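Welcome, and thanks for taking a look at this one with me. Please have the sequence and the 3D view open side by side as you read.

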Amino acid sequence: MNNIKKFRLRQKLTQQKLAELVNVERVTITQWEAGRNFPRAKILPLLAKVLKCTIADLY
């Protein structure tokens with residue numbers, strides 16, 4: 001399982017809610033979780049904070 005999805009599910013967040021929290025479209029979360037795209041560097045600190053993990057954990 002993709003790490004972003006794993007941490008999202010641990011926090012009991014939907015893709016839509018995570019998208020709202022990091023200010024991206026839901027489809028962007030879907031693409032990250034499918035490995036078709038990766039978060040931009042500037043989003044990683046916020047994404048890690050919301051998912052309660054480190055940036056390294058996301059990889």
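Here are some numbered points to help you find your way around.

1. A word on the source before anything else: what you see is a predicted model. Please keep that in mind as you go through the points below.

2. Let us start with the overall fold. The protein has four helices and zero strands, so its elements, read from the N terminus, run α-α-α-α. The radius of gyration is 10 Å, close to the 10 Å that the globule rule gives for 59 residues, and the protein is therefore as compact as a globular protein of that length. Its C-alpha trace spans about 25 × 20 × 20 Å along the principal axes.

3. Next, the inside and the outside. Of the 59 residues in the protein, 37% are buried. The protein exposes about 4,000 Å², and carbon and sulfur atoms supply 51% of that area.

4. How do parts that lie apart in sequence come together? Among the contacts with a separation of 6 or more, 48% are between residues 24 or more positions apart.

5. A pair to look up in the viewer: a search of the whole structure finds one salt bridge. Glu 33 forms this salt bridge with Arg 8, and their closest N and O atoms are 2.5 Å apart. The pair links distant parts of the chain, since Glu 33 sits in helix α3 (residues 26-34) and Arg 8 in helix α1 (residues 3-10), 25 residues apart.

6. Are the two partners of that salt bridge buried or exposed? Glu 33 has a relative accessibility of 12%, so it counts as buried. Arg 8 is buried as well, because its relative accessible area is 7%. The cut-off behind both calls is that buried means under 20% relative accessible area.

7. For a contrasting case, go to Lys 49, which lies in helix α4 (residues 44-51). Lys 49 counts as exposed because its relative accessibility is 67%, and exposed means over 50%. Lys 49 and Val 22 are 27 residues apart in sequence, while their C-alpha atoms are 9.7 Å apart in space.

8. Finally, the charges. The protein has 12 positive and 4 negative charges, and the mean positions of these two groups are 3 Å apart.

Key
Residues are numbered from 1 along each chain as its sequence is written. This is a predicted model: local features need pLDDT of at least 70, side-chain atom pairs count only at pLDDT 80 or more; totals for chains, interfaces and linings use all residues. Side-chain values use heavy atoms; hydrogens and water are left out. Helices (H or I, at least four residues) and strands (E, at least two) are DSSP runs, numbered from the N terminus. Buried means under 20% relative accessible area, exposed over 50%, partly exposed in between (1.4 Å probe, protein chains only). A salt bridge is a side-chain nitrogen of Lys or Arg within 4 Å of a carboxyl oxygen of Asp or Glu. The radius of gyration is taken over C-alpha atoms; the globule rule is 2.2 Å times the number of residues to the power 0.38. Contact means heavy atoms within 4.5 Å. Accessible areas come from the Shrake-Rupley method with a 1.4 Å probe; for residues, only the protein chains shown count as cover. Lys and Arg count as positive and Asp and Glu as negative; His and the chain ends are not counted. The place of a charge is taken as NZ of Lys, CZ of Arg, CG of Asp or CD of Glu.
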